Amino acid sequence: MALRINAENFEEKVLKADKPVLVDFYSDTCIPCKQMAGILGDIEDEHEDTVYIYKVNVNYDKALAEQYKVMSVPTVICFVNGEQKGKVVGLKEQEEVEALFEEFI
């Protein structure tokens with residue numbers, strides 16, 4: 001299961017990562033977020049050696065959500081070498097989420 005991170009460790013875990021990172025911006029009360037968590041869990045299992053997956057709760061880390069222009073949840077952003085490379089908003093199929101990082105692995 002994806003590790004929850006926050007503003008304190010975001011730079012270390014995401015911006016300085018040595019492989020692509022998917023960050024799931026979510027809320028505990030969001031039903032599509034819970035469904036997306038299952039999809040991200042499958043991706044994590046299938047790509048554990050090639051991508052990191054972390055979660056950011058927008059209710060507790062509003063500054064991060066604002067910084068990356070997260071307007072609704074779930075929002076999954078792909079970071080590579082500290083740069084935002086792609087974003088999907090809303091509940092998506094696994095293939096759509098994988099497309100965010102496949103060209104970077």
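Start by selecting C30: in this predicted model, C30 is buried, with a relative accessible area of 10%. Now add C33, which is buried too, at a relative accessible area of 2%. Show the side chains of both, and you will find a disulfide joining C30 to C33, with the sulfurs 2.4 Å apart. Turn the view to look along the S-S bond: the torsion about it is about 85°, so the disulfide of C30 and C33 is right-handed. The structure holds one disulfide.

What about C78? Select C78 next and find its sulfur: the closest cysteine sulfur, in C33, is 18 Å away, too far for a bond. C78 counts as buried, at 0% relative accessibility.

Go back to C33 and bring up the residues around the largest pocket, since C33 is part of its lining. The lining consists of M1, A2, R4, Y26, S27, D28, C33, K34, A37, L40, G41 and K55. About 180 Å³ of space lies in this pocket. Which helix gives the most to the lining? Colour helix α2, residues 31–46, and you have it: α2 contributes five residues. If you colour the lining by class, you will see six nonpolar, two polar and four charged residues.

Two of the lining residues, Y26 and K55, deserve a closer look. Select them together: K55 lies over the face of Y26, at 4.2 Å from the ring centre. For another arrangement of this kind, select K19 and Y52, where the charged end of K19 sits over the Y52 ring, 4.5 Å from its centre.

The last stop is about rings. The structure holds four aromatic pairs. Select F10 and Y68 to see one of them: the ring centres are 5.4 Å apart and the planes stand at 35°, so this pair is tilted. F10 belongs to helix α1 (residues 7–15), while Y68 is in the loop between α3 (62–67) and β4 (75–80), so the pair ties together parts that are 58 residues apart in sequence. Are F10 and Y68 buried or exposed? Both are buried.

Keep Y68 selected and add F79. These two form an edge-to-face pair, 5.1 Å from centre to centre and with 90° between the planes. This pair also links distant parts of the chain, with Y68 in the loop between α3 and β4 and F79 in strand β4, eleven residues apart. F79 is buried, as is Y68. Finish by showing F10, Y68 and F79 together: ring pairs link them into a cluster.

Notes:
Residues are numbered from 1 along each chain as its sequence is written. This is a predicted model: local features need pLDDT of at least 70, side-chain atom pairs count only at pLDDT 80 or more; totals for chains, interfaces and linings use all residues. Side-chain values use heavy atoms; hydrogens and water are left out. Rings of Phe, Tyr and Trp (its six-membered ring) pair if their centres lie within 6.5 Å; planes under 30 degrees apart count as stacked, over 60 as edge-to-face and the rest as tilted. Helices (H or I, at least four residues) and strands (E, at least two) are DSSP runs, numbered from the N terminus. Buried means under 20% relative accessible area, exposed over 50%, partly exposed in between (1.4 Å probe, protein chains only). A charge sits over a ring if NZ of Lys or CZ of Arg is within 6 Å of the ring centre and within 35 degrees of the ring normal. On a 1 Å grid over the protein atoms alone, a cavity is a set of points where a 1.4 Å probe fits but cannot get out, and a pocket is an open set with protein on both sides within 12 Å along at least five of seven lines; lining residues have an atom within 4 Å of a point. Grid points are joined across faces, edges and corners, and a volume is the space filled by probe spheres set on the points. Ala, Val, Leu, Ile, Met, Phe, Trp, Tyr, Cys and Pro count as nonpolar, Asp, Glu, Lys and Arg as charged, and the others, Gly among them, as polar. A disulfide is a pair of cysteine sulfur atoms within 2.5 Å.
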